[in-house]
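Take a look at the model below. We will walk through it step by step, from exposure to the overall fold.

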Amino acid sequence: QVGLVESGGGLVQAGESLRLSCAASGIIFSISVMGWYRQAPGKQRELVATIIRGGSTNYADSVKGRFTISRDNAKNTVYLQMNYLKPDDTAVYYCYADQMGTAYWGQGTRVTVSS
C-alpha cells in the first residue's frame, strides 16, 4: 500500500506561482511513475505531468513551459512548480503514483487562480 499526501494548493492571482508537494509513504520501493493530474469543475480528470524514477518527464501541452515536475527519491516526494498561472489552471490537483501497475491517488489539493 502507498499513501500520498499533497500540500501547497491555494488561491493566487493570474501570473503568480505555486508549488505543490506530494509525499509518499508505505511500501514505496517499487514506485516507478509519479505525477500530477487535475480536475476542473464539470470536466474530466486530466494529466498534468509525470516523472519516472530515472527522471524523464512528460507534460500536458497546456502546461509546457510553465510547470515543472521534479522528484526527490530520497524523500519520496514529487513536486510541481507552477509558474505563470492562468484562470484555466483552476482545479483540484491530485498526486498519482504507479506501483507495479497499481495506481494510487492522493486526496487532492485545490488550486484557484483569479483573473
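A residue is called buried under 20% relative accessible area, exposed over 50%, and partly exposed in between, with a 1.4 Å probe and protein chains only. By that rule Glu46 is partly exposed, because its relative accessibility is 36%. Before going on, note that this is a predicted model, where local features need pLDDT of at least 70 and side-chain atom pairs count only at pLDDT 80 or more, while totals for chains, interfaces and linings use all residues. Residues are numbered from 1 along each chain as its sequence is written, and side-chain values use heavy atoms, with hydrogens and water left out.

Start with the whole chain. The protein chain has 11 strands and zero helices. Here helices (H or I, at least four residues) and strands (E, at least two) are DSSP runs, numbered from the N terminus. Read along the sequence, the pattern is β-β-β-β-β-β-β-β-β-β-β. The C-alpha trace spans about 40 × 25 × 20 Å along its principal axes. How does the radius of gyration of the protein chain agree with that of a compact globule? For 115 residues, a compact globule would have a value near 13 Å, and the protein chain has 13 Å, so the two agree. The radius is taken over C-alpha atoms, and the globule rule is 2.2 Å times the number of residues to the power 0.38.

Now look inside. Of the 115 residues in the protein chain, 43% are buried. Contacts (heavy atoms within 4.5 Å) also reach along the sequence. Among contacts between residues at least 6 apart in sequence, 53% join residues at least 24 apart.

Next comes the covalent link. A disulfide is a covalent bond between the sulfur atoms of two cysteines. The search criterion is a pair of cysteine sulfur atoms within 2.5 Å. A search of the whole structure finds one disulfide. It joins Cys22 to Cys95, with 2.0 Å from S to S. Cys22 lies in strand β3 (residues 18–26) and Cys95 in strand β9, so the pair ties together parts that are 73 residues apart in sequence. The link of Cys22 and Cys95 is left-handed, with -85° about the S-S bond. Both Cys22 and Cys95 are buried.

Charged side chains make links too. A salt bridge is a side-chain nitrogen of Lys or Arg within 4 Å of a carboxyl oxygen of Asp or Glu. The structure holds four salt bridges. Find Arg38 in strand β4. Is Arg38 buried or exposed? Arg38 counts as buried, because its relative accessibility is 5%. One salt bridge joins Arg38 to Glu46, at 2.8 Å from N to O. Another joins Arg38 to Asp89, with the closest N and O atoms 2.9 Å apart. Arg38 lies in strand β4 (residues 31–39) and Asp89 in the loop between β8 (77–82) and β9, so this pair ties together parts that are 51 residues apart in sequence. Asp89 is buried as well, because its relative accessible area is 1%. Arg38, Glu46, Arg66 and Asp89 are linked in a network of salt bridges.

Stay with Arg38 a moment. A polar contact is a pair of N or O atoms within 3.5 Å; within protein, one must be able to donate a hydrogen and the other to accept it, and residues adjacent in sequence count only if both atoms are side-chain atoms. One polar contact of 2.9 Å joins the side chains of Arg38 and Tyr93. Not counting residues up to four places away in sequence, Arg38 touches several residues, including Gln44, Val48, Phe67 and Val92.

Compare another salt bridge. The side chains of Lys64 and Asp61 meet at 3.1 Å, N to O. Asp61 counts as exposed, because its relative accessibility is 64%.

Now turn to Asp98, in strand β9 (residues 91–99). Which side chain of opposite charge is nearest to Asp98? It is Arg71, 9.5 Å away; Asp98 is buried yet has no salt bridge. For charge, Lys and Arg count as positive and Asp and Glu as negative, while His and the chain ends are not counted. The side chain of Asp98 does have a polar contact of 3.5 Å with that of Tyr96. Leaving aside neighbours within four places in sequence, Asp98 is in contact with Ser30, Ile31, Ser32 and Val33.

Finish at a loop. Gly54 sits between β5 (46–52) and β6 (57–59). Gly54 counts as exposed, because its relative accessibility is 75%. From Gly54 to Val111 is 28 Å in space, C-alpha to C-alpha, and 57 residues in sequence.
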